[in-house]
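Open your viewer, keep the sequence panel at hand, and follow along one selection at a time. Each stop below tells you what to pick and what you will find there.

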Amino acid sequence: MGNRVCDVLGIEKPVIQGPMAWISTAPLVAAVSNAGGLGVLGVGFAPDEFLISQVEETKKLTNKPFGINTIMIPENLDRLTGHINNLKPPVVYADTLLGLDVDLCKKYFSQWHEAGCKIIVKASDIADALNAEEGGADIVIVKGWEGGGHTTVEATTVLVPQAADKLSIPVVASGGIADGRGMAAAIALGAEGIEMGTVFMASKETTVHPNVKRSVIEAGDMSTVITGYSTGEPCRQFNALSDEMEKIEAENTKVAAAEILRTVAESSLKRAMAEGDMEQGAVMAGQIAPLIKEEKAVIDIIDDTIAGAKACFAEITKFEF
């Protein structure tokens, strides 16, 4: 049997690297694509110069498909669409918080398709997944609350089978996946591929501060926290600033708190990723971090995950039900 995720994206292995600010730059993205998966640049809010240079650098490092992420915020999409029309990345990866507008999807997805791009949408609930399909997405990723960065309140194990039952386009599972066991579980739930993020933070090709990689490898099962629930934009991370963020939520309106927290998150991300400041910086990582025990090459992360999934299914055939 073929794999629809691979067929749609033109890749060899149904593994997508999640876009991460200050992490998903050209070296990592090209390494993932060269290893047979889909690398995705985390440039949704990046300045124009950085976005353009990262796409150009990635094209120098790989001739395989890769993606750039966009944020489905209306005021951001015209600017990004101009770059998409000029740069023509093979894949556009649309990040969304809760509340994806179908008409917004139709307006921009049609333009991105005309530019020759395939479109992936990451959704955090089933309503958004359905809207993404109606809006013209080629693939939908459903991300559970176990994942790092912006998240929701439903688990991956809950979202994936619902999406698989309701969507006709391929479903990819995200959140709480870092090895073959997670991939096997995702496939058993109905996914046709997986997205991983946190595990790639500790890859040899990721050009972040060594302190960040160390924080992932040394993480325990309660190392992540979620902030921003009251704003409607919860975010999972390693974060020494969680008390400060909770204070911001308590002392401001929902709208004001969301705006302040975005500013704090942007500055604290840079402090951690680029400068290695783990006291005043934040690292958006998932609950799966405790399973990541060593720095590995990207190709080994991907191939070990696929081999592990195959081993799980082989083992399952030995069980009697």
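Start by selecting Lys318, which is exposed, with a relative accessible area of 61%. Add Glu315 as sticks: the two side chains meet in a salt bridge, 3.4 Å from N to O. Glu315 is partly exposed, its relative accessible area being 40%. Bear in mind as you look that this is a predicted model.

**Around the same stretch of sequence**

Now select Ile187, Phe313, Ile316, Phe319 and Phe321 and switch on the surface. Together they make a nonpolar surface patch of about 560 Å². Ile187 sits in helix α8, and at 34% relative accessibility it counts as partly exposed.

**Zooming out**

Go back to the whole chain and show it as a cartoon. You should be able to trace 13 helices and 12 strands. How many of the 321 residues count as buried? The share is 55%. The accessible surface comes to about 13,800 Å², and carbon and sulfur atoms own 54% of that area. If you draw contacts between residues at least 6 apart in sequence, 65% of them join residues at least 24 apart.

**Salt bridges between helices**

A search of the whole structure turns up 10 salt bridges. For one of them, select Asp48 and Arg79, whose closest N and O atoms are 2.6 Å apart. This pair links distant parts of the chain, since Asp48 belongs to helix α3 (residues 48-61) and Arg79 to helix α4 (residues 74-87), 31 residues apart. Asp48 is partly exposed at 28% relative accessibility, and Arg79 is partly exposed as well, at 27%.

Next, pick Lys106 and Glu134, which form a salt bridge at 3.9 Å, N to O. Lys106 is in helix α5 (residues 102-114) and Glu134 in helix α6, so this pair ties together parts that are 28 residues apart in sequence. Lys106 itself is partly exposed, with a relative accessible area of 39%.

**Strand β6**

Select β6, residues 139-143. Is this strand mostly covered or mostly open? It is mostly covered, with 5 of its 5 residues buried. Turn the strand edge-on to see which way the side chains go: Ile139, Ile141 and Lys143 point one way, while Val140 and Val142 point the other, and all are buried. The pattern to have in mind is that side chains in a regular strand alternate between the two faces of the sheet.

Add strand β5 (residues 118-123) to the selection. It runs parallel to β6 and is joined to it by 4 bridges. To find one partnership, highlight Ala123 and its bridge partner in β6, Val142.

**Helix α7 and its cover**

Move on to helix α7, residues 156-166, and colour Thr156, Leu159, Val160 and Ala163, which are buried. Why do they fall on the same side of α7? They do so because they cover an arc of only 95° around the axis. To see what covers these buried residues, bring up α6 (126-135), β6, β8 (171-174) and α8 (180-189), which are included in that cover.

**Helix α10 and Ile217**

Select helix α10, residues 210-217, where Val212, Lys213, Ser215 and Val216 are buried. They cover an arc of only 155° around the axis, which puts them on the same side of α10.

Stay in α10 for Ile217. At 24% relative accessibility, Ile217 counts as partly exposed. Leaving aside neighbours within four places in sequence, Ile217 is in contact with Ala202, Ile292, Lys293, Glu294 and Glu295. For a distance to draw, try the C-alpha atoms of Ile217 and Val199, 18 residues apart along the chain and separated by 9.2 Å.

**Last stop: Val298**

Finish with Val298, in helix α13 (residues 298-316). Is this residue buried or exposed? Val298 counts as buried, at 1% relative accessibility. Show what Val298 touches, not counting residues up to four places away in sequence: Leu28, Ala31, Val32, Ala35, Phe200, Ser203 and Glu205. Of these, Phe200 is a good one to label, as its C-alpha atom is separated by 7.1 Å from that of Val298, with their positions 98 residues apart along the chain.

Note on methods: Residues numbered from 1 in each chain as written. Predicted model: local features only at pLDDT ≥ 70, side-chain atom pairs only at ≥ 80, totals over all residues. Heavy atoms only, no water. Buried < 20%, exposed > 50% of the residue type's maximum accessible area, 1.4 Å probe, protein only. Helix = DSSP H or I, 4+ residues; strand = E, 2+ residues; numbered from the N terminus. Arc of directions from axis to C-beta. Contact = heavy atoms within 4.5 Å. Patch = residues over 30% accessible without salt bridge, like charges linked within 9 Å, V, L, I, M, F, W, Y side chains within 5 Å. Areas by Shrake-Rupley, 256 points an atom, 1.4 Å probe, with all protein chains shown as cover. Salt bridge = Lys/Arg side-chain N within 4 Å of Asp/Glu carboxyl O. Pairing = 2+ DSSP bridges.
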